[in-house]
Amino acid sequence: MQNPDAPLQNSEALSLSFALLAAASELVRRINDGVVARGFEGRSAYGFAFTRIAAGGATVTDLAGHLGVTKQAASQLVDELVRKGYVERRPHPRDARARLLALTERGWANTRAAEEAAADVVREWGAVLGEAEVRALGQHLLRIAPKGPVRPSW
């Protein structure tokens, strides 16, 4: 029997890395599929943008930094979100040259759909691992997860 406190071997670390990446990729895909099934169109990048915009609004520059893309790429994404009715541009309260991005009611509804889809996936994990194990997994991941923005893997 292997000592559970022994350092991970390289192959174990690689297996764990692949499992975490696969779980994260599957989670993003399933959330996006759930959002689409609930009547919204779009792509998973929308959700990553919504998380920044929902936190009190954002400028295109803020969004570009959050997503790790150029200002031009963020501006193109915002144009798409505005066309689809998820985001609106408002006057910025402190900078007359900037526009503040805000979620519309449709954007908030999309966000709620993503929360429901995520909950569906996590409930499935609970059926496999048990609720206590899922809660423990969540607590462990929160201890090691970086505190910065969650970005799509472009």
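How far apart are the end C-alpha atoms of helix H1, and what span should its 28 residues have?

**View 1. Helix H1 from end to end.** This is a predicted model, in which local features need pLDDT of at least 70, side-chain atom pairs count only at pLDDT 80 or more, and totals for chains, interfaces and linings use all residues. Residues are numbered from 1 along each chain as its sequence is written, and side-chain values use heavy atoms, leaving out hydrogens and water. At 1.5 Å a residue, H1 (residues 10–37) should span 40 Å, and its end C-alpha atoms are indeed 40 Å apart. The expected span is 1.5 Å times one less than the number of residues; helices are DSSP runs of H or I with at least four residues, strands E runs of at least two, numbered from the N terminus. After H1 comes Gly 39, with a positive phi near 100°.

**View 2. The core and Tyr 86.** Here we meet the largest nonpolar core, with 21 residues: buried (under 20% relative accessible area, 1.4 Å probe, protein chains only) Ala, Val, Leu, Ile, Met, Phe, Trp, Tyr and Cys joined through side-chain atoms within 4.5 Å. H2 gives the most to this core, 5 residues. Tyr 86 has contacts (heavy atoms within 4.5 Å) with residues including Phe 40, Phe 50, Leu 81 and Asn 110.

**View 3. Where H2 meets H4.** The two axes, lines fitted to C-alpha atoms over the stretch in contact, with angles from 0 to 180 degrees between N-to-C directions, come within 11 Å and cross at roughly 95°. H2 and H4 are therefore roughly perpendicular, a label for 65 to 115 degrees. Ala 45, Tyr 46, Ala 49 and Phe 50 of H2 meet Leu 77, Glu 80 and Leu 81 of H4.

Methods:
Buried < 20%, exposed > 50% of the residue type's maximum accessible area, 1.4 Å probe, protein only. Parallel < 35°, antiparallel > 145°, perpendicular 65-115°, else oblique. Lists of a residue's contacts leave out its neighbours within four places in sequence.
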